[in-house]
Amino acid sequence: METKSILIDNVTILGDEIKKGSVIVENDKIVEITEKTGSHSADEIINGEKKVLMPGLVNTHTHLSMTLMRGLADDLPLDTWLNDHIWPVEANLTGDYCYAGALLACIEMIKSGTTAFNDMYFFMDDVAKAVDNSGLRGMLSHGMIDLGDEEKRKAEFRETMRIIEKCHDTADGRIKVAFGPHAPYTCSTELLKEVREKASKLGLKIHIHVAETEFEVGQVKESYGARPFEYLDEIGFLADDVIAAHAVWLSDKEIKIIKENNVKLSHNPTSNMKLASGISPVSKLIESGVNVSLGTDGAASNNNLDLFEEMKLAALLQKVNTGDSTVLPAEKVLEMATIDAAAALGLENEIGSIEVGKKADLVLVDMKTPSLTPFRHPVSHVVYAANGGDVDTVICNGEILMRNKVLEVLDEAEVIQLAEGAAEELLSKS
């Protein structure tokens, strides 16, 4: 295979220490990081002057195709939002709709600096096709719900196994598949135990919603006589391959259970605030040694996929909740959206930091904007002042997906038109 090279020259590099220099990429990997500038040649040269080079952001909880439901049902509590609005629409989803919604989400993520994500939804082979076309890196799971129905449970496993066989480790290894049991209150004990058994056997991750609302905690206690994480621990479900989204309503005992089982948590501050679900005790979890990363949730409950916004809100929410302005400093929040998130997906040796030998999943942020001037503290600016619109160039797996804010993959106007049509058609059926 012919070697392709990219030189990102004269750039401010975010790492263990912040330094000015150059990064050289060959094919899909970072091969050199040097403080020299202007002294290398490459097939592609990117001028990094007055730009910050950072790892691609990693979104650990998404529902990509829900971009079609953006703005559909705002200012409602979760149970009303789900039961009266979202689930009736989802009953009419097709693979074509999910493909259109996922394409739109991929463009939104590229333009706001996300290069990898963890997605749970439906028609995931169509979502995989969108991800493949976009050049992004994704972990996909079919959302499994059986509500105690044995036939439904069998159908959910058939679909999950179909997606695993068809999509896992495809798109040059950029697409992985996980198990996606929706939540303890929508999945039977039998389903959860079987997921645990199969995930262990196949070496795949598990993506699940847990303890998102106080109402959910009450439901699980009524059904099983224990709080959600206590119940999952009792049935042997928890392990270091579980990525649990939300984890808002936690007891001290549950925090201990999470830590002991090395469960990874995805904190979704915007969605939790918008649905008034509550505030996850993130600073306490991190102090306890729990891996906490960041997710946007779906565009129907956020209503965007901008992880820069999520970083800022995560930090501010913990500060006001604890009354301590020193908790969750910018450096830690950036780790949550990069290396900690990569670790949640089991990819910390491949992505999440700028190191020789790692995959070239990289983002350049333009610092020549009024809101990022004066350019003093790069990490602080990235977390507290930047937004997705400041992203200049995006590279994933060594491929340039966007350069100088212009997409080099997908046709943005065409995708927007496709998604508009799909959303209109979907809602007309609902």
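These are my notes on the domains, nonpolar cores and helix packing of this model, which is predicted.

**Domains**

I started with the domain assignment. It gives domain 1 as 5–55 + 359–407 and domain 2 as 57–345. I looked up the spacing next: the C-alpha centres of domain 1 and domain 2 lie 29 Å apart. For the contact between them, I find 23 residues of domain 1 touching 27 residues of domain 2.

**Cores**

Then I went to the nonpolar cores. The largest one has 113 residues. Which residues have the most contacts inside it? I get Phe229, Phe237, Leu265 and Met311. Helix 2 (residues 95–111) is the top contributor to this core, giving twelve residues. I also checked where the core sits relative to the domains. Domain 1 and domain 2 both supply residues, so the core lies between them.

I picked Leu265 for a closer look, skipping its neighbours within four places in sequence. Its contacts include Phe229, which is also on the list of residues with the most contacts inside the core. The others are Ala244, Ala247, Ile258, Leu285, Val290, Asn291, Val292 and Ser293.

There is a second core, separate from that one, with 15 residues. Among them I noted Ile30, Ile46, Leu364 and Ile400.

**Helix 4 against helix 5**

On to the helices. I took helix 4 (residues 150–167) and helix 5 (residues 189–202): their axes come within 11 Å and cross at roughly 20°. The cut-off for roughly parallel is under 35 degrees, so helix 4 counts as roughly parallel to helix 5. Which side chains or backbones meet here? From helix 4 I have Arg153, Phe157, Met161 and Ile164. Helix 5 answers with Glu190, Leu191, Glu194, Val195, Lys198 and Leu202. As for handedness, helix 4 passes helix 5 in a right-handed crossing.

**Helix 3 against helix 4**

Helix 4 also packs with helix 3 (residues 124–134), so I ran the same checks on that pair. The axes of helix 3 and helix 4 come within 9 Å, crossing at roughly 25°. These two are therefore roughly parallel to each other as well. I noted this crossing as right-handed. On the helix 3 side, the contact is made by Met124, Asp125 and Ala128. They meet Arg162, Ile163, Lys166 and Cys167 of helix 4.

Key
Residues are numbered from 1 along each chain as its sequence is written. This is a predicted model: local features need pLDDT of at least 70, side-chain atom pairs count only at pLDDT 80 or more; totals for chains, interfaces and linings use all residues. Side-chain values use heavy atoms; hydrogens and water are left out. A nonpolar core is a set of buried Ala, Val, Leu, Ile, Met, Phe, Trp, Tyr and Cys residues joined through side-chain atoms within 4.5 Å. Buried means under 20% relative accessible area, exposed over 50%, partly exposed in between (1.4 Å probe, protein chains only). Helices (H or I, at least four residues) and strands (E, at least two) are DSSP runs, numbered from the N terminus. Domain bounds come from an automatic or database domain assignment. Contact means heavy atoms within 4.5 Å. Axes are lines fitted to C-alpha atoms, for helices over the stretch in contact, and angles run from 0 to 180 degrees between N-to-C directions. Angles under 35 degrees count as roughly parallel, over 145 as roughly antiparallel, 65 to 115 as roughly perpendicular and the rest as oblique. A crossing is left-handed if the near helix is turned anticlockwise from the far one by less than a right angle, and right-handed if clockwise.
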